[in-house]
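User: Hey, I've got a protein model open and I'm not sure where to begin. Can you walk me through it?

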Amino acid sequence: MKRLLITIIILALQFVCVANAKVISNEKIDTVKVETASKIITELQNDMQSFTKNGSGPFVAAIYDNNGELVVKVANSVVNEHCSNNHAEMNAIKAAEQKLGTYDLAPYNLKLYVTAEPCIMCVGGIMWSGIKEVYYGVPSKTVEEITGFDEGFKPHWFKEFKKRGIVVYGNIEPELGKQELHKYVNDGKKVYKPSR
């Protein structure tokens, strides 16, 4: 009986390791965090269609508090608000700061979830906002391949965030995210980027 139980536990652990093999982080992988992030990012990807109908997108971000309560959920609004700064992450940070009446989100121990890896601007915005944890779906390289958007130069950002006490998990539900990005592009929706 003991051997059977040990075998079951080992198989279960191997399954968890295989399921999380593609997830990357700047800390030891916490399966509970990955499961929570997977649910939230899947929800954000599923919300994409409703946001893009109003001219937003193709990215959605949400901020949750330490108790798992939603603080804000917003989309990228660069095109419909004519502002290159209005990425989903920046919009979420701004909305959370306004809602909480502060420029420093650190005391609230907030977590940012976003459908794709933050670009160079958003990495800076996250770092200065006081967000404690970041979870993202589609990696930048894939975003660039599908949309042509230049994500920017972000050397060693996982390490830099770790030095600053910011946890990062990435590559969560990327296949669903890729489908949504392809749909956005294939539907002929505008991918914003400056002319060069």
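Analyst: Sure. Let's start with His 87, which touches Asn 76, Val 78, Cys 119, Met 121, Cys 122, Phe 149 and Tyr 192, leaving out residues up to four places away in sequence. Keep in mind that this is a predicted model.

User: Okay, and where is His 87 found?

Analyst: His 87 is in the loop between helix H3 (78-81) and H4.

User: Is His 87 buried or exposed?

Analyst: His 87 is buried, because its relative accessibility is 6% and the cut-off for buried is under 20%. His 87 also turns up in the lining of the largest cavity, as one of the residues nearest its centre.

User: Oh, cavities! How many cavities of 30 Å³ or more are there?

Analyst: The count is 3. The largest cavity holds about 100 Å³ of space.

User: How do you even find empty space in there?

Analyst: You roll a probe the size of a water molecule over the atoms, and that shows where empty space is left.

User: Got it. Which residues lie nearest the centre of the largest cavity?

Analyst: Phe 59, His 87, Glu 89, Glu 117 and Glu 151, out of 15 lining residues. By type, the lining has 10 nonpolar, 2 polar and 3 charged residues. Helix H4 (88-100) and strand E4 (111-116) each supply at least two of the lining residues.

User: Switching topic: what about the strands? What does E2 pair with?

Analyst: E2 pairs with E3 in the antiparallel sense over 5 bridges, and 4 bridges join E2 to E4, also antiparallel. On the E3 side, Ile 63 stands opposite Val 72. On the E4 side, Ala 62 stands opposite Tyr 113.

User: What's between E2 and E3 in that hairpin?

Analyst: There are 5 residues between the strands, and Gly 68 in the hairpin takes a positive phi near 80°.

User: How many residues of E2 are buried?

Analyst: 5 of the 5, so E2 is largely enclosed by the rest of the structure. Val 60, Ala 62 and Tyr 64 point one way, while Ala 61 and Ile 63 point the other way.

User: And E6, what does that pair with?

Analyst: E6 is joined to strand E1 (residues 24-25) by 2 bridges, running antiparallel, and to E5 by 3 bridges, running parallel. Gly 170 in E6 is the bridge partner of Ile 24, and Val 167 in E6 is the bridge partner of Glu 133.

User: Cool. Do nonpolar side chains usually hide away, or what?

Analyst: In soluble globular proteins, nonpolar side chains tend to be buried together.

User: Which residues touch the most other members in the largest nonpolar core here?

Analyst: Ile 63, Leu 112, Ile 131, Val 134 and Phe 161, in a core of 34 residues. The elements giving two or more residues to this core include E2, H4, E4, helix H5 (120-129) and strand E5 (133-138). H4 makes the largest share, with 4 residues.

User: What is Phe 161 in contact with?

Analyst: Leaving aside neighbours within four places in sequence, Phe 161 contacts Asn 26, Val 123, Ile 126, Met 127, Val 134, Ile 166 and Val 168. Apart from the largest core there's another one, of 16 residues, among them Leu 44, Met 48, Ala 62 and Ile 172.

User: Okay, new thing. Any oddities in the backbone?

Analyst: A few to look at. Here's the background: most residues other than glycine have a negative phi, and most peptide bonds are trans. In this model, a cis peptide bond joins Gly 57 and Pro 58, with omega about 10°. Pro 58 sits in the loop between H2 and strand E2 (60-64).

User: And which residue has a positive phi of about 50°?

Analyst: Asn 109, although it's not a glycine. Asn 109 lies in the loop between H4 and E4, and it's partly exposed, with a relative accessible area of 33%. His 156 has a positive phi too, of about 55°. His 156 is in the loop between helix H6 (140-147) and helix H7 (157-163) and is exposed at 56%.

User: Last one: what does Gln 45 touch?

Analyst: Not counting residues up to four places away in sequence, Gln 45 touches Thr 115, Val 138, Leu 176, Gly 177 and Glu 180. Gln 45 is in helix H2 (residues 31-53), and at 1% relative accessibility it counts as buried.

Conventions: Residues numbered from 1 in each chain as written. Predicted model: local features only at pLDDT ≥ 70, side-chain atom pairs only at ≥ 80, totals over all residues. Heavy atoms only, no water. 1 Å grid on protein atoms, 1.4 Å probe; cavity = no way out; pocket = protein on both sides within 12 Å on 5 of 7 lines; lining within 4 Å. Points joined across faces, edges and corners; volume = space filled by probe spheres on them. Nonpolar A, V, L, I, M, F, W, Y, C, P; charged D, E, K, R; others polar. Buried < 20%, exposed > 50% of the residue type's maximum accessible area, 1.4 Å probe, protein only. Contact = heavy atoms within 4.5 Å. Core = buried A, V, L, I, M, F, W, Y, C linked by side-chain atoms within 4.5 Å. Pairing = 2+ DSSP bridges.
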